[in-house]
Amino acid sequence: MTNTDSRQAPEEPYAPAGRREPTGWVGMVVFAGVMLLMLGSFQAIEGLVALLRDEFYLTTSSGLVVPVDFDTYGWTHIVIGLIAVGTGLGILAGQTWARVVGIIVAVLSALANLAFLPAYPVWCSIVIALDVLVIYALTAHGREVKY
């Protein structure tokens, strides 16, 4: 007995094997990329201030967690900032290497700001909190932006 019904089920749209559609969490990864761009810029500015105006900060270099002069902190923040900006661009472009480097940069940024905490406590606390959000976004939802 043959079925003569001319109706057919609609075809499924073609999707390459192994490729998933992005979910709503893609916004969190874009947030991480933008935060790295912004935090990198802020880090570089903070480094320039440490190089050019030592008296701007609330403590002397001997009052810091790691007692070095502000020039060392300045260069550390400038380097971390430039790497963070490049990594943020890579994350927005969906590069896997940028996710890994972004996590490393966020950890280094948090550690550098922890060491710089006595000099500028409120700002360093804000940067550390944003670094934690970036680490979470990249570790939990980093695959969402991969093209």
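This is a walk through one predicted protein chain, from its helices to single residues.

The model is predicted: local features need pLDDT of at least 70, side-chain atom pairs count only at pLDDT 80 or more, and totals for chains, interfaces and linings use all residues. Residues are numbered from 1 along each chain as its sequence is written, and side-chain values use heavy atoms, with hydrogens and water left out.

Start with the overall layout. The protein chain has 4 helices and 0 strands. Read from the N terminus, the order is α-α-α-α. Helices here are DSSP runs of H or I with at least four residues, strands are runs of E with at least two, and both are numbered from the N terminus. The chain holds 147 residues, and 35% of them are buried. Buried means under 20% relative accessible area, exposed means over 50%, and partly exposed lies in between (1.4 Å probe, protein chains only).

Now take the helices in pairs. Helix H1 covers residues 26-52 and helix H2 covers residues 70-92. Their axes lie 7 Å apart, and the packing angle is about 160 degrees. Axes are lines fitted to C-alpha atoms, for helices over the stretch in contact, and angles between N-to-C directions run from 0 to 180 degrees. H1 and H2 are therefore roughly antiparallel to each other. That label applies to angles over 145 degrees; under 35 counts as roughly parallel, 65 to 115 as roughly perpendicular, and the rest as oblique. The crossing of H1 past H2 is left-handed. In a left-handed crossing the near helix is turned anticlockwise from the far one by less than a right angle; clockwise makes it right-handed.

H3 and helix H4 form another pair, with H4 spanning residues 121-141. Their axes come within 9 Å and cross at roughly 160 degrees. H3 and H4 are therefore roughly antiparallel to each other. H3 also passes H4 in a left-handed crossing.

Next, look at the surface of H3, which runs over residues 96-115. Val-100, Ile-104, Val-107, Leu-108, Leu-111 and Leu-114 make a nonpolar surface patch of about 520 Å². Patch residues have over 30% relative accessible area and no salt bridge; like charges are joined within 9 Å, and nonpolar side chains (Val, Leu, Ile, Met, Phe, Trp, Tyr) within 5 Å. A salt bridge puts a side-chain nitrogen of Lys or Arg within 4 Å of a carboxyl oxygen of Asp or Glu. Areas come from the Shrake-Rupley method with a 1.4 Å probe, and for residues only the protein chains shown count as cover. Ile-104 lies in H3. It counts as partly exposed because its relative accessibility is 48%. Leu-114 is in H3 too, and at 46% relative accessible area it is partly exposed. The C-alpha atoms of Leu-114 and Cys-124 are 6.9 Å apart, with their positions 10 residues apart along the chain.

Finally, follow some contacts in space. Ala-137 sits in H4. With a relative accessible area of 0%, Ala-137 is buried. Its C-alpha atom is 9.4 Å from that of Gly-33, 104 residues away along the chain. Leu-37 belongs to H1 and is partly exposed at 22%. Leu-37 and Leu-92 are 55 residues apart in sequence, yet 9.8 Å apart from C-alpha to C-alpha. Gly-86 is in H2, and its 32% relative accessible area makes it partly exposed. From Gly-86 to Gly-102, 16 residues apart along the chain, the C-alpha separation is 9.4 Å.
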